[in-house]
Amino acid sequence: MITEIFPSTFYSCFSIPNKKEVFIAIQNAKEKEEKVTWNNLCKVAVCDLYVSEIVPFLKPSIEVFVEEFGSLKRNVEVLSIWKSTYIKGSFQEVHDHLTEEESQISSVIFLDDYVSGAAQFYFFNGNLVSKYLGKLMKHPQLDRTVELITPKRGDIIFFPSYMLHGVSSHGLNKPRTTVSFNMKMI
């Protein structure tokens, strides 16, 4: 009998409990003046936001996420937050959020419903051994290269910061915007 051990990838996606307040806070958030430099390998407009302006509105969503872990309940500190705007042809390369700020959990807030042709958030399975064994064993969970996410307006997704993910090329004339943030368990 095969026993799966060391689960290392997961995500949690749900509708933001106080969606209206979060959207207003994002709309009114001030952008930091200093330019983001980590986006040089992708084609997406990114601006840092002030954590203190938005975090109070994120607390209900963070509490839902932390509650899912039961005995692993922890307090969290939001380390950074930024807005990404995808115009036609924009994309985000496959990456993780393991940074000098030592984030552990990352999150994305989707401000629009997913529609065909729009930039699509996805997780990437970079584990070549897993993919090889998945093909060999015909194991559907191991044999996958990507997990596509088709969010609704107001959905929020949480995942470990080490998970590889990206955003496909945006094919529509209407921009697509998301807000992302990194957290640390304390």
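Which exposed residues does the face of α1 turned away from its buried side carry? Keep that question in mind while you work through the exercises below. The structure is a predicted model.

**Exercise 1. Find the two sides of helix α1.**

Task: Name the buried residues of α1, say why they belong to one side, and then name the exposed residues on the face turned away from them.

Solution:
- Step 1. Start with burial, where the cut-off is under 20% relative accessible area. In α1, the buried residues are Val22, Phe23, Ala25 and Ile26.
- Step 2. Look at their directions around the axis. These residues span an arc of only 160 degrees, so they sit on the same side of α1.
- Step 3. Recall a rule about helices. With 3.6 residues a turn, an α-helix has residues three or four places apart pointing the same way.
- Step 4. Turn to the face that points away from the buried side. There you meet the exposed residues Lys20, Gln27 and Asn28, which settles the opening question.
- Step 5. Ask what the buried side packs against. Its partners are α2, β5 and β10.

**Exercise 2. Get the whole chain in view.**

Task: Work out how many helices and strands the chain has, and in what order they come.

Solution:
- Step 1. Count the elements: there are three helices and 10 strands.
- Step 2. Read from the N terminus, and the order is β-α-β-α-β-β-β-β-α-β-β-β-β.
- Step 3. Add burial to the picture. The chain has 186 residues, and 40% of them are buried.
- Step 4. Consider the contacts between residues at least 6 apart in sequence. Of these, 84% link residues at least 24 apart.

**Exercise 3. Map the nonpolar cores.**

Task: Find which element gives the most to the largest nonpolar core, and follow one core member to its contacts.

Solution:
- Step 1. The largest nonpolar core holds 24 residues, and those touching the most other members are Leu58, Ile62, Ile109, Phe158, Phe181 and Met183.
- Step 2. At least two residues each come from α1 (19–28), α2 (51–67), β3, β5 (105–110), β8 (155–160) and β10 (176–185).
- Step 3. The most comes from α2, which supplies six residues.
- Step 4. Now follow Ile62. Setting aside residues up to four places away in sequence, Ile62 touches Val76, Val78, Phe158, Phe181 and Met183.
- Step 5. Do not stop at one core. A second, separate core has 16 residues, among them Val36, Ile149, Ile157 and Met163.

**Exercise 4. Compare an enclosed space with an open one.**

Task: Describe the largest cavity and the second largest pocket by volume and lining.

Solution:
- Step 1. Searching the whole structure gives one cavity of 30 Å³ or more. The volume of the largest cavity is about 130 Å³.
- Step 2. This cavity is lined by 15 residues, with Tyr86, Gln92, His95, Val167 and Ser180 closest to its centre.
- Step 3. Sort the cavity lining by class, and you get six nonpolar, eight polar and one charged. The elements β3, β4, β9 and β10 each give at least two residues to this lining.
- Step 4. Move to the second largest pocket, whose volume is about 410 Å³. It has 18 lining residues, and the closest to its centre are Trp38, Trp82, Thr99, Glu101 and Asn182.
- Step 5. Two or more residues of the pocket lining come from β3 (76–86) and from β4 (92–95). The most comes from β3, with four residues.
- Step 6. By class, this pocket lining has six nonpolar, six polar and six charged residues.

**Exercise 5. Classify three residues.**

Task: Decide whether Ser84, Ile87 and Gly171 are buried, partly exposed or exposed.

Solution:
- Step 1. Ser84 belongs to strand β3. Its relative accessible area is 3%, so Ser84 is buried. Beyond residues up to four places away in sequence, Ser84 touches Val44, Ala45, Val46, Arg176, Thr177 and Thr178.
- Step 2. Ile87 lies in the loop between β3 and β4. Its relative accessibility is 49%, so Ile87 is partly exposed. With the same sequence neighbours set aside, Ile87 touches His170 and Pro175.
- Step 3. Gly171 sits in the loop between β9 (165–167) and β10. Its relative accessible area is 37%, so Gly171 is partly exposed. Leaving out neighbours within four places in sequence, Gly171 contacts Lys88 and Gly117.

Notes. Residues are numbered from 1 along each chain as its sequence is written. This is a predicted model: local features need pLDDT of at least 70, side-chain atom pairs count only at pLDDT 80 or more; totals for chains, interfaces and linings use all residues. Side-chain values use heavy atoms; hydrogens and water are left out. On a 1 Å grid over the protein atoms alone, a cavity is a set of points where a 1.4 Å probe fits but cannot get out, and a pocket is an open set with protein on both sides within 12 Å along at least five of seven lines; lining residues have an atom within 4 Å of a point. Grid points are joined across faces, edges and corners, and a volume is the space filled by probe spheres set on the points. Ala, Val, Leu, Ile, Met, Phe, Trp, Tyr, Cys and Pro count as nonpolar, Asp, Glu, Lys and Arg as charged, and the others, Gly among them, as polar. A nonpolar core is a set of buried Ala, Val, Leu, Ile, Met, Phe, Trp, Tyr and Cys residues joined through side-chain atoms within 4.5 Å. Buried means under 20% relative accessible area, exposed over 50%, partly exposed in between (1.4 Å probe, protein chains only). Contact means heavy atoms within 4.5 Å. The arc is that of the directions from the helix axis to the C-beta atoms.
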